[in-house]
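The following exercises are intended for a reader meeting this structure for the first time. Each one sets a task and then works through the solution step by step.

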Amino acid sequence: MNSSTENLFDLRPLLRGSGQTVGVFLALICLIIFGLMRYENFGGAYNIASFLNYNAMFILISIGMCLVIITGGIDLSVGSVAAFSSVCAAYLSPYGLQVALPAGILAGLAFGALNAFIILALRVPPFIATLATLLGAKGGSLVLSGAETIAVDWGSNFTRLGMEKAFNIVPWSILIVLLVAIVAWVVLERSSLGRTLLAVGGGEEASSLMGLEVGRAKAFAYLFSGACAGLAGVFLASGFGAGQPLEGVGWELSAIASVVVGGTLLTGGLGSITATVIGALLLGLVFNILNFENGRGTISLSAYWQQVIRGAFLFLVILLQMRVAKQRSVTGATLENAG
Amino acid sequence: MNTRVAPSVVDRKPKEGIAWRTLLGRYGTLIALAVLLLVNILITPNFLQWQTLFVNISQVATIAIVAVGMTLVIATGGIDLSVGAVMALAGALAPLIFGSAFGMANPVLGLVLAIALPLLAAMACGLFNGLMISVMRVQPIIATLILFISGRGIAQVLTNGNLQTFSHPAFSYIGTGRVLGLPFQGWLAVAIAALVFWLVTRTIHGRHLLAVGGNERAAELSGVPVRRVKIGVYIICAFLSGIAGLVVVAINSASDAARNGNLMELDAIAAAVVGGALLQGGRAPVFGALLGAVIIQLVKYTLLANGIEDEVALIAKAGIIVAAVALQQGRRE
């Protein structure tokens, strides 16, 4: 509880999450410099645009996942919810973006509400509940699409979202992701709801005894995560020109990895949106650089290696986080209550 | 992540309606089985035939074998998401070994190694999970996520993602053999369940296991080797997953690393939970897991045999898992 929360222009909360955020940020910068020096097309407009466009979806679901993990929960359903929403959006694309975009987000919200209902009303542990909605959303999108990709209508303005740039500078998807990140950051760092989210993750029973609206905070987290997944699904359909019921496998893992890389404790009660976004970018960049290396012929990694590397990366991050957590418990847990 | 639902003082529900929930909780599994059988007899064509029994036994065995391991893990309050990946890994290794030049030259030794080495690799995976969870104190869901992601990747790297087909009657026996007229792997599943049941109910290890799941701190203070118990259950679970992986490969006479054991973690968790395992730990209903596996398999079969799409079966499975866990939570209040 420091006084910095009074000052809107204090940038310290941006880098909260202690040394790990700074470390992740430095790692990101180093990787970018490495890439710029080693590959000539790395800094090219095409690579940057396609990198950001592709990772926009992962940043989105990572932001949603971050809020859920802060409450001490987990949302495994994000990938298949995104796939479901991409199918919905693709079907509605002839009516234009103004219909397909809200519909996709609404589809995500619906699954978020379902998650919240199962977790809060039926008292099923989050991990089991969202595993079930993962299956449900997957089944739903397969039934809806007949297990085939659904082409979007190229005649309408739907594909502009994923393929064109705002004011000819920034891809629309990046702009929207930035907006979502800012909203999430403001909620987490500047609102009482954000404080409740952190408190719930720190100790659910204590929060409830303190009179905090535990249920409402948790419901918000799952709804937000669902909406993010829905939006990611719309990006998927719009950017790749098709609703893809089979996409989204393993997305939840990427999101969890990004959140963990960003220094958010999986036990809840601590987390940062900024660090999560940086974490997602770092994770995406690792694969971007691996692709470049493959292209140069230095290494020749099949697509199967990606999974192995992803797992190894998660392992590495957990090792790092263990050390950080240990140091923290030695030096006193003051940082963890900063929110 | 805190999977425990804190029983708060404020919102305890009145006792009404508890009676039927208790009843449903206690006998729900048996009632569900009876209803499923009845429905099938009424609507599924040719249900009461030997062929149906054979098909179901040969398919349920792998779920049951993994579910028994999962039940032990859940009894310690943990979870193992890596079972499907471990199945893929073990399944990918076996044909590589008996199909190698050495395996061809020494058929008997090759066969023995083709069964032993994959199981050892599986146990190594279990050891990794166990060490991460008990020594490094990583939450089980995250720790086992690592192998869940990369284990299948390793299997695909080993096989270049190719489907490995083979013809090896001796090896295929574990998936296609018959003992007393019934599929070999069915007997294997029952034997494993019996052995594990004996382990849980009649040995000190079983008592330790339940103590760890009931209250880890208390168990530790009273001298239970908590770390060893936890590492042990993850090794056993991985070992059983390895066996299931070999059985699947033997059934198909082919190993497909992309599909072997895919979504098995869900089936196994569902079977364990339907069988009465508490996600909070402290209970290890081994034969319940067997029963749970039968129910999961019967639901799948019912939908499939009545021409309902696979995708709808997914939704049904999701519903079963939620219903089973929600009923459990009701019973605990």
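**Exercise 1: The end of a helix and its length**

Task: State which residue with a positive phi follows α13(B), and check the span of that helix.

Solution. In this predicted model, α13(B) is followed by B:G307, whose phi is positive, near 70°. For the length, take the 20 residues of α13(B) at 1.5 Å a residue. The expected span is 1.5 Å times one less than the number of residues. This gives 28 Å for α13(B), and the end C-alpha atoms lie 28 Å apart, so the two values agree.

**Exercise 2: The surroundings of B:I295**

Task: Locate B:I295 and decide whether B:I295 is buried or exposed.

Solution. First, B:I295 belongs to helix α13 of chain B, which covers residues 286-305. Next, count the neighbours: 23 other C-beta atoms lie within 10 Å of B:I295. A residue is buried if that count is 20 or more, and B:I295 is therefore buried. Beyond its neighbours within four places in sequence, B:I295 is in contact with B:T29, B:A32, B:L33, B:L36 and B:V274. Finally, B:I320 is 25 residues away from B:I295 in sequence, with a C-alpha to C-alpha distance of 9.9 Å.

**Exercise 3: Two positive phi angles outside glycine**

Task: For B:L180 and B:S253, give the place of each residue and its class of exposure.

Solution. B:L180 is not a glycine, yet has a positive phi of about 50°. Its place is the loop between β2 (178-179) and β3 (182-183) of chain B. Since B:L180 has 6 C-beta neighbours inside 10 Å, B:L180 counts as exposed. B:S253, also a residue other than glycine, has a positive phi near 50°. B:S253 sits in the loop between α11 (226-252) and β4 (254-255) of chain B. With 17 other C-beta atoms within 10 Å, B:S253 is partly exposed.

**Exercise 4: Helix packing in chain A**

Task: Describe how α4(A) packs against α3(A) and against α5(A).

Solution. Two packed helices are described by the angle between their axes and the distance between the axes. Begin with α3 (residues 78-92) of chain A: its axis and that of α4(A) come within 8 Å and cross at roughly 150°. The two helices are therefore roughly antiparallel, and their crossing is right-handed. Among the residues making this contact are A:F84 and A:C88 of α3(A) and A:A103 and A:A107 of α4(A). By class, the contact has ten nonpolar, three polar and no charged residues.

Turn next to α5 (residues 126-145) of chain A. The axes of α4 (residues 97-121) and α5 of chain A come within 9 Å and cross at roughly 145°, again in a right-handed crossing. The contact includes A:L114 and A:I118 of α4(A) and A:A129 and A:T133 of α5(A). Its residues divide into eight nonpolar, three polar and no charged.

**Exercise 5: Where the chains meet**

Task: State how many residues each chain gives to the contact and which helix of chain B gives the most.

Solution. Chain A supplies 42 residues and chain B supplies 37. On the side of chain B that touches chain A, α6 (140-159) and α14 (310-332) each supply at least two residues. α6(B) gives the most, with twelve residues. By class, this side of chain B has 24 nonpolar, nine polar and four charged residues.

Conventions. Residues numbered from 1 in each chain as written. Chains lettered and ligands numbered in written order. Predicted model: local features only at pLDDT ≥ 70, side-chain atom pairs only at ≥ 80, totals over all residues. Contact = placed C-beta atoms within 7 Å. Helix = DSSP H or I, 4+ residues; strand = E, 2+ residues; numbered from the N terminus. Nonpolar A, V, L, I, M, F, W, Y, C, P; charged D, E, K, R; others polar. Buried ≥ 20, exposed ≤ 12 C-beta atoms within 10 Å, placed from the backbone. Axes fitted to C-alpha atoms, helices over the stretch in contact; angles between N-to-C directions. Left-handed = near helix turned anticlockwise from the far one by under 90°. Parallel < 35°, antiparallel > 145°, perpendicular 65-115°, else oblique.
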